[in-house]
Amino acid sequence: MSAPAATAYRLRTARAEDLPGARSVMLDTFYEVFGIGYLPEHHQDVIDPETAYLRHPLNRLWVAEHGGRIVATTAIRAQGPRHPPHPARLADEFPDHRTAQLFRVYVRPEHHRRGLATRLVRTAVEHVRATPEFDRLYLHTDARTPGALEFWLTFGRIIHDARGPHPGFQTVHLEIPL
């Protein structure tokens, strides 16, 4: 079976009826792609996306829909990095009141290589640029995820590299210029 053409996707700001599909994409990514499962200390927005994204005036969730099914997500939250677990310097440099943070840039594997993540991230970047409350755009990624760091380097620059000889997350922090 061939993959669908990139034009067969509808990208939009998530609506209430999109939330079950978006949650499914996110949870499947945690379990099947990352192999970490649901972590309540990091994934509350996935359990209650309505409060996290639809009710918060600055947060947004975008989805890609194909054939009536949500197949990709991207979100921003009005929130800088948290210390701990991230370095205090980053929390100071990227404060909540000025920072948008990219979250949940996930595409179901059978829909990879269609430009969905790029299109969704560009939509989020343009939204942040147009929102006067924000003057910074931050994200972090786990460099163990194949292709993740290379993808993010097409948008921004590394501001802190926390990779090391330790097991577990190999976190790289980036800023996307506005």
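Reader: Which residues are exposed on the other side of H5?

Author: Arg122 and Ala130 (exposed means over 50% relative accessible area, buried under 20%, partly exposed in between, with a 1.4 Å probe and protein chains only) are exposed there. This is a predicted model, where local features need pLDDT of at least 70, side-chain atom pairs count only at pLDDT 80 or more, and totals for chains, interfaces and linings use all residues. Residues are numbered from 1 along each chain as its sequence is written, and side-chain values use heavy atoms, leaving out hydrogens and water.

Reader: And which ones in H5 are buried?

Author: Leu116, Ala117, Leu120, Val121, Ala124, Val125 and Val128. Down the axis of H5 they fall within an arc of 160° (taken from the directions from the helix axis to the C-beta atoms), so they line one face of the helix.

Reader: What do they pack against?

Author: S1, S2, S3, S4, S5 and helix H6 (148-153) are in contact (heavy atoms within 4.5 Å) with the buried residues of H5. Helices are DSSP runs of H or I with at least four residues, strands runs of E with at least two, numbered from the N terminus.

Reader: What does Leu116 touch?

Author: Leaving aside residues up to four places away in sequence, Leu116 touches Tyr9, Leu11, Ala64, Val71, Ala72, Val107 and His111.

Reader: How many residues are in the largest nonpolar core?

Author: That core has 27 residues, and Leu116, Trp152 and Ile176 are among those with the most contacts inside it. H5 gives the largest share, 7 residues. A nonpolar core is a set of buried Ala, Val, Leu, Ile, Met, Phe, Trp, Tyr and Cys residues joined through side-chain atoms within 4.5 Å. A second, separate core of 15 residues includes Ala22 and Tyr53.

Reader: Switching to the sheet. What's the strand order?

Author: The open sheet of 7 strands runs S1-S2-S3-S4-S5-S7-S6, with mixed pairing (at least two DSSP bridges between two strands). S1 (10-13) and S6 (157-161) are at the edges with a single partner strand each, so one side of each has no neighbour in the sheet.

Reader: How many bridges join S6 to S7?

Author: 4, and the two strands run antiparallel. Val172 in S7 is the bridge partner of Asp161.

Reader: What about Ala16, where does that lie?

Author: In the loop between S1 and H1. Ala16 is partly exposed, at a relative accessible area of 46%. Its C-alpha atom is separated by 17 Å from that of Gln44, 28 residues apart along the chain.
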